Each structure stands twice: as structure tokens, then as C-alpha cells.
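Student: I would like a close look at a single part of this model. Please take it slowly, and explain each term when it comes up.

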Amino acid sequence: MMRKAKRSDKERIVELLRLSFIDNLSVGFLVGSSSGRNTRIRRLMEYAFDVCYEFGEVVVNEEGSACALLFYRHLKQFSLSAVWLDIKLLFGVIGFARLKKVLHREKLIENQHPKGPFCYLWFIGVDPAVQGKGIGSGLMAALLSKMDAQDLPVYLETSVARNISFYQKFGFQVFHQTELSYSLLFLKRS
């Protein structure tokens with residue numbers, strides 16, 4: 001069972017995602033490998049939570065052991081709060097040294113997304129202590145049922161090849177791959 005997250009869930013969700021993505025190559029590309037990496041991962045997850053809370057959905061299971069961040073690009077509008085979030089991302093996560101590489105990566109991702117409305121499954125995470133018990137599958141099934149009811153295609157990327165079979169189980173198909181300092185696989189479910 002999932003529910004819409006509240007602001008009061010932010011700290012738990014950010015920590016859950018930090019733990020879930022600590023060794024993720026795509027996240028590592030964004031935050032770099034220098035000292036303070038854990039802090040930058042936490043800030044990245046705070047940014048993603050805030051963006052999805054404002055321009056999408058943040059969902060969590062009742063136990064607080066699994067969550068997902070959904071972004072609806074077609075709902076994002078210019079606002080001072082969105083600009084402020086991007087400024088915090090630049091200074092607190094990416095830094096000027098990685099900015100050009102990160103912007104290039106984001107453009108590659110954007111080019112693979114459709115022009116019309118869609119759901120971008122930005123992050124889905126399960127507490128590492130309870131992974132492999134069907135919790136992520138339950139959350140994914142509930143999310144996709146909701147997207148099907150809204151007739152929205154779902155897009156995501158992964159840098160973890162072993163996750164492909166999990167996504168394929170739910171009808172996702174790999175439709176593109178690009179090479180950065182790691183392989184980034186693009187998946188969609190129509």
C-alpha cells in the first residue's frame with residue numbers, strides 16, 4: 001500500500017534514497033567522488049524530493065521502507081522557488097567543475113523523452129535492510145496502476161544493468177543506451 005508523502009516524510013525519504021543510491025554510477029556522476037560525497041547525495045535527494053513534491057508526486061509505503069519520486073515535466077512552471085532549488089543544486093551538489101558534464105547528460109536524457117505528457121520515474125528506493133522481499137514490486141505495481149488509469153507513459157533511466165529484469169517484469173522496454181563514464185540505459189512503458 002502506498003500513500004502520498006507529506007513534508008514531514010522528507011527526512012526519512014531522503015535517507016532511504018541516499019542509502020539506496022549510495023553506490024549508483026548515475027548519482028555518482030552528478031555528485032562526484034571527492035570528500036563530502038554523502039552530503040551531496042543527501043542534497044541531491046532533497047532537491048529531487050522538493051521538485052517532485054511541487055511538480056509531481058512523492059509516494060511512500062505505509063511502513064516507510066520504500067518510496068518513489070515521480071516528476072511530471074509538463075506541470076513544471078517557472079517560479080522563484082524552482083529557480084532557488086536549481087541554484088541550491090548547482091552550489092550544493094554539482095559544482096561548477098562538473099556543470100558542463102551534467103548539463104550534457106541532462107540534455108541527452110531530455111532528448112529521449114516525449115514531447116507530450118508523461119511520468120518520469122526519477123527515483124524508486126527500498127530500504128537496503130528489506131530489499132528482496134517484494135516491497136519494491138508492490139510499490140511499482142501500485143504506481144503503474146495509477147499511471148495506467150491516467151493513460152500516462154512512464155520513462156526512467158538506470159545505470160544498474162541487474163535492474164533491467166525488474167523493470168521488464170513490469171512492461172518496461174529498453175529503447176536507448178548512451179555511454180558517459182558509465183552506461184545509461186533508457187526505459188519506457190507505454
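Student: Is Asp 127 buried or exposed?

Tutor: Asp 127 is buried, because its relative accessible area is 17%. Buried means under 20% relative accessible area, exposed means over 50%, and partly exposed lies in between (1.4 Å probe, protein chains only). This is a predicted model, in which local features need pLDDT of at least 70 and side-chain atom pairs count only at pLDDT 80 or more, while totals for chains, interfaces and linings use all residues. Residues are numbered from 1 along each chain as its sequence is written, and side-chain values use heavy atoms, without hydrogens and water.

Start with the partner of Asp 127. Side chains of opposite charge can pair when their charged atoms come close. Asp 127 is in a salt bridge with Arg 12, and their closest N and O atoms are 3.1 Å apart. A salt bridge here is a side-chain nitrogen of Lys or Arg within 4 Å of a carboxyl oxygen of Asp or Glu. The two residues are 115 apart in sequence: Arg 12 belongs to helix H1 (residues 10-20), and Asp 127 to the loop between strand S4 (119-126) and helix H6 (135-149). Helices and strands are DSSP runs numbered from the N terminus (H or I with at least four residues for a helix, E with at least two for a strand). Arg 12 has a relative accessible area of 35%, so Arg 12 is partly exposed.

A neighbour of this pair is Ser 65. Ser 65 touches both Arg 12 and Asp 127, and also Leu 16, Gly 125, Val 126, Val 130 and Ile 135, when residues up to four places away in sequence are not counted. Contact means heavy atoms within 4.5 Å. Ser 65 sits in the loop between strand S2 (56-61) and strand S3 (66-71). Its relative accessibility is 10%, so Ser 65 counts as buried.

Helix H1 has another charged link. Arg 42 and Glu 15 meet through their side chains in a salt bridge of 3.0 Å, N to O. Because Arg 42 lies in helix H3 and Glu 15 in helix H1, this pair ties together parts 27 residues apart in sequence. Arg 42 is partly exposed, because its relative accessible area is 32%. The model has 10 salt bridges by this rule. One of them joins Glu 106 and Arg 105, with the closest N and O atoms 2.4 Å apart. Arg 105 is buried at a relative accessible area of 6%, whereas Glu 106 is partly exposed at 34%. Elsewhere, Arg 3, Asp 9 and Glu 62 are joined into one network by salt bridges that share partners.

Now follow H3 away from Arg 42. H3 has 19 residues and spans 26 Å from its first C-alpha to its last, close to the 27 Å expected at 1.5 Å a residue. The expected span is 1.5 Å times one less than the number of residues. Its buried residues include Arg 40, Leu 44, Met 45, Tyr 47 and Asp 50.

Two of these, Leu 44 and Met 45, are among the members of the largest nonpolar core that touch the most other members, along with Ile 13, Leu 17, Val 27, Leu 69 and Phe 123; this core has 38 residues. Helix H3 (residues 37-55) gives the most to this core, nine residues. A nonpolar core is a set of buried Ala, Val, Leu, Ile, Met, Phe, Trp, Tyr and Cys residues joined through side-chain atoms within 4.5 Å. Setting aside neighbours within four places in sequence, Leu 44 is in contact with Val 27, Leu 30, Val 31, Leu 89, Val 93 and Phe 123. Another core, of 23 residues, lies apart from this one, and Tyr 72, Ile 124, Leu 144 and Leu 152 are among its members.

Arg 105, met above, is one of the buried residues of H5, along with Arg 98, Val 102 and Ile 109. The buried residues of H5 pack against helix H2 (25-31), H3, H4, S4, S5 and strand S7 (183-189). Helix H5 (residues 96-111) has 16 residues and reaches 23 Å, C-alpha to C-alpha from first to last, close to the expected 22 Å.
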